[in-house]
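Hi everyone, and thanks for coming. I'd like to walk you through a structure that may be new to you, so please take a look at the screen.

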Amino acid sequence: MKSLLFLVLISACWAEPHPNNSSLEHERIIHIQAENGPRLLVVAEQAKIFSHRGGNVTLPCKFYHEHTSTAGSGTHKIRVKWTKLTSDYLKEVDVFVAMGHHRKSYGNYQGRVFLRESSENDASLVITNIMLEDYGRYKCEVIEGLEDDTAVVALNLEGVVFPYSPRLGRYNLNFHEAQRACLDQDSVIASFDQLYDAWRSGLDWCNAGWLSDGSVQYPITKPREPCGGKNTVPGVRNYGFWDKDKSRYDVFCFTSNFNGRFYYLIHPTKLTYDEAVQACLKDGAQIAKVGQIFAAWKLLGYDRCDAGWLADGSVRYPISRPRKRCSPNEAAVRFVGFPDKKHKLYGVYCFRAYI
């Protein structure tokens, strides 16, 4: 009698999707698993995968039934869904859904994602032409009948975090302006994990900046009086979450490698900003962006002691080998400032994209 009642309860809690709804679209399903029934297991062979912008990557995910070697029971179609987790754990971004012969990808993942399917229990996701925005944690969910299970895989990108403030000076960006500022400089707003890794690698910056989760933080490796006090512990200082429209800070951006050539243009004379833009165009290139000089410095070891114009109107130069008169104390992208574009004369850094 108890077994019969339990089966009735299962039937009452399971609702088939309406026949007019697509099997690939969003469904909120409550699953009840029979105590002695087969148990679906979803596993990721690696919890963290590393790649770079422009590359291809496979996020591992396989599914099994406990105590068996078979992939599925054969009585229900298997539905595989990949989503990207956000800093707001109540929200997920749809990436890819597969059920039988049906496939659907979403947003900027369209045309770039597919299942590897190297075996009947392989739900691994292949992402091609990786973008900076692809960084983050992904959830693989497999559903078969009344059962489902999930696994989470983190996609990390090789790259560099750099602080950024506009010509107007420090603390002049709300969150949305900060996002645009990073995009304009061939980068995206950095996550806390990316800033934390940069701090562990030695990044020290006293100005607070926006991060992708809407928090405002800054990394300190050398405690000192103007930056929280000289007796405080090194770390990433957290200002908390602020109004994204009204509050104004700097921003921490993240960029990765690029498909092109970054170089200092050899020119017979120093140039104004407008002359620098035209000189790069004449050379078959464009004036370089801040993210590109940081990527060339950090990832390629680019080293040049000549100050040059960049696209945002700033003047900088990258030093990988500290030496006298060229950043003697540390390897860094040195910031000269935002000089008068019409009257100040400097060299220029250009970027030529590969076709």
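I'll begin with the chain as a whole, and then visit some strands and a few single residues.

Please keep in mind that what you see is a predicted model. The chain's pLDDT averages 88, and 86% of its residues score at least 70. There is one stretch to treat with care: over residues 1–35 the pLDDT is below 50, and in the model this stretch has 37 contacts beyond near neighbours in sequence.

Now, what is the chain built from? It has five helices and 23 strands. Of its 355 residues, 45% count as buried. The accessible surface adds up to about 19500 Å², and carbon and sulfur atoms account for 52% of that. How do the contacts spread along the sequence? If we take contacts between residues at least 6 apart, 61% of them join residues at least 24 apart.

Let's look inside. The largest nonpolar core holds 86 residues, and those with the most contacts inside it are Leu59, Trp82, Leu125, Ile127, Val251 and Val348. Which element gives the most to this core? That would be helix H5, residues 290–300, with six residues.

On to the sheets. One that I'd like you to find is an open sheet of six strands, in the order S2-S11-S10-S5-S6-S7, with mixed pairing. Strand S2 (48–51) and strand S7 (102–105) are at its edges, and each has a single partner strand, so one side of each is left without a neighbour in the sheet. From one strand to the next, the twist averages 20 degrees. At the S2 edge, the partner is strand S11, residues 147–157, and the two pair in the parallel sense over four bridges. If you want a landmark there, Ser51 has Leu157 in S11 as its bridge partner.

Next, strand S1, residues 40–43. Which of its residues are on the covered face, and which on the uncovered one? Leu40 and Val42 make up the covered face, while Leu41 and Val43 make up the uncovered one. S1 runs antiparallel to strand S4, residues 62–65, and four bridges join them. One bridge partner to pick out is Lys62 in S4, which goes with Val43.

Compare that with strand S21, residues 315–319. Five of its five residues are buried, so the strand is largely enclosed by the rest of the structure. Both faces are covered: Val315, Tyr317 and Ile319 are buried on one side, and Arg316 and Pro318 are buried on the other.

Which strands pair with S21? One of them is strand S20, residues 308–309, which runs antiparallel to S21 and is joined to it by two bridges. Here Trp309 has Val315 as its bridge partner. S20 and S21 form a hairpin with five residues between them, and in the turn Gly313 has a positive phi of about 90 degrees. S21 also pairs with strand S22, residues 332–337, again antiparallel, through five bridges. There, the bridge partner of Pro318 is Val333.

While we are here, look at the loop between S21 and S22, where Ser327 is found. Its phi is near 55 degrees, a positive value in a residue other than glycine. Is Ser327 buried or exposed? At 6% relative accessibility, Ser327 counts as buried.

Glu117 is another non-glycine residue with a positive phi, of about 50 degrees. Glu117 sits in the loop between strand S8 (113–115) and strand S9 (125–127). With a relative accessible area of 42%, Glu117 is partly exposed.

My last stop is around strand S17. Asp250 is found in that strand, and at 4% relative accessibility it counts as buried. Who surrounds Asp250? Leaving aside neighbours within four places in sequence, its contacts include Tyr164, Arg170, Asn207 and Trp210. Ala208 is 42 residues away along the chain, yet the C-alpha atoms of Asp250 and Ala208 are separated by 6.2 Å.

Ser247 lies in the loop between strand S16 (235–241) and strand S17 (250–255). At 12% relative accessibility, Ser247 is counted as buried. Not counting residues up to four places away, Ser247 touches Leu173, Asn174, Phe175, Trp210 and Trp242. Trp210, then, is a contact of Asp250 and also of Ser247.

That's my tour. Thanks for listening!

Technical notes
Residues are numbered from 1 along each chain as its sequence is written. This is a predicted model: local features need pLDDT of at least 70, side-chain atom pairs count only at pLDDT 80 or more; totals for chains, interfaces and linings use all residues. Side-chain values use heavy atoms; hydrogens and water are left out. Buried means under 20% relative accessible area, exposed over 50%, partly exposed in between (1.4 Å probe, protein chains only). Contact means heavy atoms within 4.5 Å. Accessible areas come from the Shrake-Rupley method with a 1.4 Å probe; for residues, only the protein chains shown count as cover. A nonpolar core is a set of buried Ala, Val, Leu, Ile, Met, Phe, Trp, Tyr and Cys residues joined through side-chain atoms within 4.5 Å. pLDDT is the predictor's confidence in each residue, from 0 to 100. Two strands pair if DSSP finds at least two bridges between them. Axes are lines fitted to C-alpha atoms, for helices over the stretch in contact, and angles run from 0 to 180 degrees between N-to-C directions.
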